[in-house]
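Subject: Structure for you to look at

Hello,

Here is the structure I said I would pass on, with notes on what turned up in it. The sequence and coordinates come first and the notes follow.

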Amino acid sequence: MRILILFFFCCSTLIFSQKKKKILDVVSNIETKVTILKPIGNNSLAKDVQPFYGFGFSGNLMTPINFGIGVDYSMLFSNVIYDRKNVYGNIASPTLTIIDVFITHRDNISEEFLVEEMAGFSYYNHSSTYLDFNNEKLKNNGIGFNLGGKVIYILDPEGYQAVFLTGRLNYYSTNVYNENAEIQKYYNHSVFLSLSFGYRFNF
């Protein structure tokens, strides 16, 4: 009887230990960053305003198979180019809020260096302050997609802290209407190139 009990105990331990090995552990991290963003192309954000500068936060979930998901929030500020104020309109202080949701893949280059590729969708909120009205803003929302890459350097032997450099391309599309198709296109679409430097904490 004791032999049978011992046999079943060993079998159950072996089965459950094998199941635990198949469970994917999810590694989380949070990030903070500073960003410079330059709209490009023949459009209002590229021609009428200066490059955007700002900050952001993000969080990622990564599995041992080196695929994960992430969310990124950025708030960026700019100014109207002086000799373009008559084109941009009676508004100033453009602000751009971007929320990126993306899938990411990681490549381990060495123990200290990692590379992550990202692709996903974006939500944009673009606002500017009216010069003639206090605290009133012109607001416009848009959607698009994002592609990017991130180089990560691990700071400590345990791998909890890291710094990173991110390059990203965003496509911006909004819903401004104008009877002139060229004018509508000028205000409706843009492509953003951004560079971010930040700090990551893994847990």
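**Serine 93**

With a relative accessibility of 37%, serine 93 counts as partly exposed. The residue sits in strand β4. Its phi is near 50 degrees, which is a positive value in a residue other than glycine. Please keep in mind throughout that this is a predicted model.

**Overall layout**

The protein contains four helices and eight strands. In sequence order the pattern reads α-β-α-β-β-α-β-β-β-β-α-β. Of the 203 residues, 36% are buried. The accessible surface is about 12600 Å², and carbon and sulfur atoms account for 65% of that. Among contacts with a separation of 6 or more, 63% are between residues 24 or more positions apart.

**The barrel**

How do the eight strands run? They form a closed barrel in the order β1-β2-β3-β4-β5-β6-β7-β8, with antiparallel pairing. On average, neighbouring strands of this sheet are turned by 25 degrees against each other, direction ignored.

The pairings I looked at, going round from β1, are these:

- β1 (residues 27–40) pairs with β2 in the antiparallel sense, over eleven bridges. Serine 28 is opposite leucine 61 of β2.
- β2 and β3 are also antiparallel, with ten bridges. Here methionine 62 is opposite glycine 68 of β3.
- β4 is joined to β5 (residues 113–130) by 16 bridges, and the two run antiparallel. Aspartate 107 has valine 115 in β5 as its bridge partner. The two strands are connected by a hairpin through four residues.
- β5 and β6 run antiparallel and are joined by 17 bridges. Serine 127 has lysine 139 in β6 as its bridge partner.
- β6 (residues 137–154) and β7 (residues 161–174) run antiparallel, joined by eleven bridges. Glycine 148 is opposite arginine 168 of β7.

**Strand β2 and the turn after it**

In a regular strand the side chains alternate between the two faces of the sheet. Strand β2 shows this along its length: Phe52, Gly54, Gly56, Ser58, Asn60 and Met62 point to one face and are buried. Tyr53, Phe55, Phe57, Gly59 and Leu61 point to the other face and are not buried.

After β2 the chain turns back in a hairpin, with four residues between β2 and β3. Asparagine 66 is in that turn, in the loop that leads to β3 (67–77). Like serine 93, this residue is worth a check of the backbone. The phi of asparagine 66 is near 70 degrees, a positive value in a residue other than glycine. Its relative accessibility is 22%, so asparagine 66 counts as partly exposed.

**Aspartate 48**

Is aspartate 48 buried or exposed? Its relative accessible area is 0%, so aspartate 48 is buried. The residue lies in the loop between α2 (44–47) and β2 (52–62). What does its side chain contact? The side chains of aspartate 48 and tyrosine 186 are joined by a polar contact of 3.0 Å.

**Nonpolar cores**

The largest nonpolar core has 13 residues. Those that touch the most other members are Leu37, Leu45, Phe52, Leu76, Leu96, Ile98 and Phe192. Strand β4 (residues 91–108) gives the most to this core, namely three residues.

Leucine 96 has a list of contacts of its own. Leaving out residues up to four places away in sequence, leucine 96 touches Leu37, Phe52, Ser74, Met75, Leu76, Asn125, His126 and Phe192. Phe52, one of these, is also among the buried residues of β2 described above.

There is a second, separate core of five residues, which includes Leu114, Ile152, Ala162 and Phe164.

**Where to start**

When you open the model, I would look at aspartate 48 with tyrosine 186, then leucine 96 and its contacts, and then the two residues with positive phi, asparagine 66 and serine 93.

Regards

How values were computed: Residues numbered from 1 in each chain as written. Predicted model: local features only at pLDDT ≥ 70, side-chain atom pairs only at ≥ 80, totals over all residues. Heavy atoms only, no water. Buried < 20%, exposed > 50% of the residue type's maximum accessible area, 1.4 Å probe, protein only. Contact = heavy atoms within 4.5 Å. Areas by Shrake-Rupley, 256 points an atom, 1.4 Å probe, with all protein chains shown as cover. Pairing = 2+ DSSP bridges. Axes fitted to C-alpha atoms, helices over the stretch in contact; angles between N-to-C directions. Polar contact = N/O pair within 3.5 Å; in protein donor to acceptor, adjacent residues only side chain to side chain. Core = buried A, V, L, I, M, F, W, Y, C linked by side-chain atoms within 4.5 Å.
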